[in-house]
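Colleague: I should be grateful for a close look at a single part of this model. Please begin with one residue and its surroundings, and then place that part within the chain.

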Amino acid sequence: MLTSLTDLCFSPIQVAEIKSLPKSMNETNHSRVTEFVLLGLSSSRELQPFLFLTFSLLYLAILLGNFLIIVTVTSDSRLHTPMYFLLANLSFIDVCVASFATPKMIADFLVERKTISFDACLAQMFFVHLFTGSEMVLLVSMAYDRYVAICKPLHYMTIMSRRVCVVLVLISWFVGFIHTTSQLAFTVNLPFCGPNKVDSFFCDLPLVTKLACIDTYVVSLLIVADSGFLSLSSFLLLVVSYTVILVTVRNRSSASMAKARSTLTAHITVVTLFFGPCIFIYVWPFSSYSVDKVLAVFYTIFTPILNPVIYTLRNKEVKAAMSKLKSRYLKPSQVSVVIRNVLFLETK
């Protein structure tokens, strides 16, 4: 009986190992994860309609509130200042933060099996770090704007020129892009061939890396170090900036300083609401998944909806501009004409 060349050159054990290689490779290719299952906020089917209605209304409020600020700042020449330019850009980023995962989450409330493709999952991880990283740097830019306005008022318009404001916004997007690219570099080549259930309503990087087929302890540390560095450095810069500003405001007792205190209160509130959940999730990564879900909802839903409320309710200039905008485009006579035309069309 003839033997093969393989049997002649290798021992029986080596032959068995060589013959098993194609089979194991095929099994790996066939078992590669092509989609992830999102467990969502709750597994209760009875809660799904309630959650669908609640988050649909919240998302609609986010869009209306933030776009209202953008339109108000753009249309009113009195608000064409560095502070409101940065505020309009913050509103735009808030819309982006709320939109990368919320529409998918709302749609998933209507289906029993919540799945997301591998590529879409990577896209969600890319955009969440792009938008949140950009917002962190933009909040630092807004703190710098308030520092110049209060501590160096005579040089404010010279320092915070239009060109400087545009550069600050571009820097925030650039830092966000570098941050998210470095985060995905740790993840994009990880092998996913087993579990595919993500215990959240979107693909969050720490949760997805835990599903890889290899030990991801070092990768998780690098992810935490990257996010922690950006979060803590931005937060410390904000703390230092606002401390200097508050000391300056305290030493001056004038009517203009009272306005500065009101503005500062709004800024500090927004910073606390945004950085609190981010730092807790990424700098303290050993918290329970249920806590992470609540905090993820907070910085993707509630922070974007609270920003317009905080900045408008405490700002007389923005409220006056919105009233002017309302009187210009929503006059009672115009509204009645529109309603009459709609009713006339329905009766035809």
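**A residue and its surroundings**

Modeller: Helix α9, which spans residues 205-209, contains T209. The model is a predicted one. With a relative accessibility of 0%, T209 is classed as buried, because the class takes in residues under 20% relative accessible area. Leaving aside residues up to four places away in sequence, T209 makes contact with T187, L190, T216, S220 and I223.

The next element to consider is helix α10, which covers residues 217-250 and includes L222. Here the accessibility is of another class: L222 has a relative accessibility of 39% and is therefore partly exposed, since that class lies between the limits of 20% and 50%. L222 also belongs to a nonpolar surface patch, in which it is joined by Y217, V218 and L221. Together, the four residues of this patch present about 400 Å² of accessible area.

As for the setting, the protein chain has 348 residues, and 44% of them count as buried; T209 is one of the residues in that class. The chain contains 14 helices and 3 strands, with α9 and α10 among the helices. Its accessible surface amounts to about 19000 Å², and carbon and sulfur atoms contribute 69% of that area. Among contacts in the chain with a separation of 6 or more, 78% are between residues 24 or more positions apart.

Key:
Residues are numbered from 1 along each chain as its sequence is written. This is a predicted model: local features need pLDDT of at least 70, side-chain atom pairs count only at pLDDT 80 or more; totals for chains, interfaces and linings use all residues. Side-chain values use heavy atoms; hydrogens and water are left out. Patches are made of residues with over 30% relative accessible area and no salt bridge: like charges are joined within 9 Å, nonpolar side chains (Val, Leu, Ile, Met, Phe, Trp, Tyr) within 5 Å. Accessible areas come from the Shrake-Rupley method with a 1.4 Å probe; for residues, only the protein chains shown count as cover. A salt bridge is a side-chain nitrogen of Lys or Arg within 4 Å of a carboxyl oxygen of Asp or Glu. Helices (H or I, at least four residues) and strands (E, at least two) are DSSP runs, numbered from the N terminus. Buried means under 20% relative accessible area, exposed over 50%, partly exposed in between (1.4 Å probe, protein chains only). Contact means heavy atoms within 4.5 Å.
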